[in-house]
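These are my notebook entries on what I looked up in one structure. I kept each entry brief.

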Amino acid sequence: MDNNYFFRVAMAAHSRGFGVTPLRDKRPFLHAWNKHPFTTETEIRIAAKEYPSCDVGLVLRRKLGAPFAIDIDAPGVIERLERETQMTLPATYTVLSRPVTVPYRRHIFFRHTEYSDHVFTKNVNAGEYDLIGVGTRALQVVSEGCIRPDNGEVRTGNGLAIVDCPNWLADWLVSDSNRLRNEKTTEARRRLAEVRVTLDQIATEQATEVRRRNGYCQHSREDRYRYLVSKARTLCNAGVTKDRLPSELFFQYVADYGDVRDGDPNGWPGSILKDKIQSIISNPDLKRGNPPPIRPRRSTGSVIKGPPESDWQRRVKIAKDFPEKMTSREVYDRLGLDSKNARDKKVASRVMKAAGFVARRGRRWAAWEKVRDAEKWEQPEVRSPPLSYYHNILLLPLSLLPPRCKPRGQST
């Protein structure tokens, strides 16, 4: 076990009071790893035999006396903390995630106190840092001593003991993480608004280009009025109800001619356009046809549907694909029958015979064998003599025929 990678790293973490779980690519893979981590040497030894080359994850959850981690991902977090609180961060157990290339990335561990257990509510992703192990749902971080697969760096710890979380640190973490999360949310909403504005501009430009190609931008008011009348008839024939016609016509007009503007020389202001639409709908000459009927699909020929396949047909079809020799137990298993049921025994026998099998029975076993040569199992056929035999008898003189072959009433 001394040369076992998982055992060596996990036992070092276990000595510091961590519950551990094996990792693959920084991800746990065991079922219920966050509820039942390995907390004893026996469990670690058993896991080391199964997963000798896996990394080790430290399972963290909010519990009095249990450790949690501040996962720092941005530079200057500790300096800002000490500047804003006018306090010095206590010396505690710290693990550098990338000690050579990115030295500011680290996990700083503290133990939960009654106060921290009260003020923390859930795990936090604040952007500049993460709070892992401060919520009811357990999370994990990679342990000290694990090797990074991307650059080969070894996660290095400072060897100190884990100290209790000061009350001032818990208060600062709660307030600062809330501020950072609000800033992240505000920034995400701002970017989303910018994206929506950009998409709206692109959609407007595309619609303008389509109207320019179709010539709608050059339509006069008379052309647009005829357009509304034609659309109204089309919508009526499509089955649109009278109360929905005004809104549908307005949306169609905006989609084809663009937004309604007061200074448009070829169009109307919004109020006048609505009056025009209402006058078209109220016109008694507007024909309100029925919607086109939904006709069934035309048949390409006669389709004869047979009855559904019965259990008997299904079992015979299955039995025809059986190998040439099968035991009775295999037959019952494949046909889904019970060998102890008298009715199922009769069904199995009839199915196998219909599929071309015959039964072979011994003292302690029974088997079914497929009939290869049908004449092999038929009764021997009584063959009659050929016609030439009778022809030769008729040509013989009566004196040479035996007595049994002479015609009745004639003597030699």
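**Entry 1: two loop residues**

I located Gln86 in the loop that joins helix 3 to strand 5 (94-98). The model is a predicted one, and I read its backbone angles as such. For Gln86, phi is near 55 degrees, which is a positive value in a residue other than glycine. I then asked whether Gln86 is buried or exposed. Gln86 is exposed, because its relative accessible area of 66% is over the 50% cut-off.

I looked up Lys26 next, in the loop between strand 1 (19-24) and strand 2 (27-28). Lys26 also is a residue other than glycine with a positive phi, near 65 degrees. Its relative accessibility is 47%, so I entered Lys26 as partly exposed.

**Entry 2: helix 8**

I turned to helix 8, which runs over residues 270-282 and has 13 residues. From its first C-alpha to its last, helix 8 reaches 18 Å, close to the 18 Å expected at 1.5 Å a residue.

Which residues of helix 8 are buried? I found Leu273, Ile277, Ile280 and Ile281. They lie on the same side of helix 8, because they cover an arc of only 100 degrees around the axis. I noted the general rule beside this: an α-helix has 3.6 residues a turn, so residues three or four places apart point the same way.

On the face turned away from the buried side of helix 8, I found the exposed residues Ser271 and Asp275. I also looked up what covers the buried residues of helix 8, and the cover includes helix 6 (221-237) and helix 7 (245-257).

**Entry 3: the cavities**

How many cavities of 30 Å³ or more does the structure hold? I recorded 2.

The largest cavity has a volume of about 50 Å³. Its lining consists of Ile70, Ile72, Val77, Ile78, Leu81, Leu89, Ile108, Tyr129, Trp172 and Leu173. By class, I entered 10 nonpolar residues, no polar and no charged ones. Strand 4 (67-72), helix 3 (77-85) and helix 5 (167-214) each supply at least two residues of this lining. Helix 3 gives the largest share, 3 residues.

For the second largest cavity I also noted a volume of about 50 Å³. I listed its lining as Arg224, Tyr253, Tyr257, Gly258, Asp259, Val260, Arg261, Asp264, Gly267 and Trp268. I asked how the residues of this lining divide by class. They divide into 4 nonpolar, 2 polar and 4 charged.

Key
Residues numbered from 1 in each chain as written. Predicted model: local features only at pLDDT ≥ 70, side-chain atom pairs only at ≥ 80, totals over all residues. Heavy atoms only, no water. 1 Å grid on protein atoms, 1.4 Å probe; cavity = no way out; pocket = protein on both sides within 12 Å on 5 of 7 lines; lining within 4 Å. Points joined across faces, edges and corners; volume = space filled by probe spheres on them. Helix = DSSP H or I, 4+ residues; strand = E, 2+ residues; numbered from the N terminus. Nonpolar A, V, L, I, M, F, W, Y, C, P; charged D, E, K, R; others polar. Expected span 1.5 Å × (residues − 1). Buried < 20%, exposed > 50% of the residue type's maximum accessible area, 1.4 Å probe, protein only. Arc of directions from axis to C-beta. Contact = heavy atoms within 4.5 Å.
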